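Here's a quick tour of a protein model for anyone meeting it fresh. Have a look at the structure, then read on.

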Amino acid sequence: MYLELDSVFNTDGESLQFNYDFSLDDENAVTPVTVSGSVFNKTGIVHLQAEAKFDYSASCAKCNKPLLRHATVPVRHVLLNHAESDDNDEFIILDGMHLELDELVSEDIFLAIPTRFLCKDDCKGLCSICGTDLNESQCSCSAPSDPRWDALKDLFNE
C-alpha cells in the first residue's frame, strides 16, 4: 500500500488510518496479511503504529509435524522525511512524503517470526536411530555405544 503523507507531516495532530490486505512473499504464509493501523503526527513527530495478522504453516523442529499458527506482529516506527545522516536505525527515513507500507511490514514480519517452531513445549522429537515419534510411543532402540570405550568393555568380560 502506498501512503501519501504530506498532510500528516505538515499538520500537528493529523492522522491517516489504513486497513488493507496484501500477499506476503513467503511460501509458508497461508492467508494474506491483514494490516490495520495509523500514521499520526504528535507534536511534530510522525509515528506509524499498526498490526499485521496472518496465518502461516511450519513444521515442528523436533518431530517434523505440520503446524498451523496465527501471528500478530506489531509494526511501530517513527517516520522522518529528512535526516542529517542515513546511518540511524531508530527511524524510517522517507524518500519524499510517501511510504510504501508493504515492504516495511514484510520486513517487520520476517524479523518477528521465529526460525524454529515446536508443536508443544515438551516435544520429545524422533528417535535418532529408528525415527519413531517419541511423543506417541517408545522405541526399543538402545543408544549406540561410543567406540572409544570398546577397549574397556573387553576388560570387564575377562
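How many helices and strands does the secondary structure of the protein chain come to? This is a predicted model, and its protein chain has three helices and seven strands. Starting at the N terminus, the order reads β-α-β-β-β-β-β-β-α-α. With a radius of gyration of 26 Å, well over the 15 Å that the globule rule gives for 158 residues, the chain is more spread out than a compact globule. Its C-alpha trace spans about 90 × 35 × 25 Å along the principal axes.

Now for the surface. Just 28% of the 158 residues count as buried. The chain exposes about 10600 Å², with carbon and sulfur atoms supplying 49% of that. On the charge side, there are 11 positive and 29 negative side chains, and the centres of the two sets sit 17 Å apart. As for contacts between residues at least 6 apart in sequence, 50% of them join residues at least 24 apart.

What about the cysteines? The count comes to zero disulfides. A disulfide needs two cysteine sulfur atoms within 2.5 Å, and the sulfur of Cys63 is too far from its closest cysteine sulfur, in Cys60, for a bond. Cys130 is in no disulfide either. Here are the two side by side:

| Cysteine | Nearest cysteine sulfur | Distance | Relative accessibility |
|---|---|---|---|
| Cys63 | Cys60 | 3.6 Å | 7%, buried |
| Cys130 | Cys141 | 3.6 Å | 43%, partly exposed |

So Cys63 counts as buried, at 7% relative accessibility, while Cys130 counts as partly exposed, at 43%.

Definitions and conventions
Residues numbered from 1 in each chain as written. Predicted model: local features only at pLDDT ≥ 70, side-chain atom pairs only at ≥ 80, totals over all residues. Heavy atoms only, no water. Helix = DSSP H or I, 4+ residues; strand = E, 2+ residues; numbered from the N terminus. Rg over C-alpha atoms; globule rule 2.2 N^0.38 Å. Buried < 20%, exposed > 50% of the residue type's maximum accessible area, 1.4 Å probe, protein only. Contact = heavy atoms within 4.5 Å. Areas by Shrake-Rupley, 256 points an atom, 1.4 Å probe, with all protein chains shown as cover. Lys, Arg positive; Asp, Glu negative; His and termini not counted. Charge placed at Lys NZ, Arg CZ, Asp CG, Glu CD.
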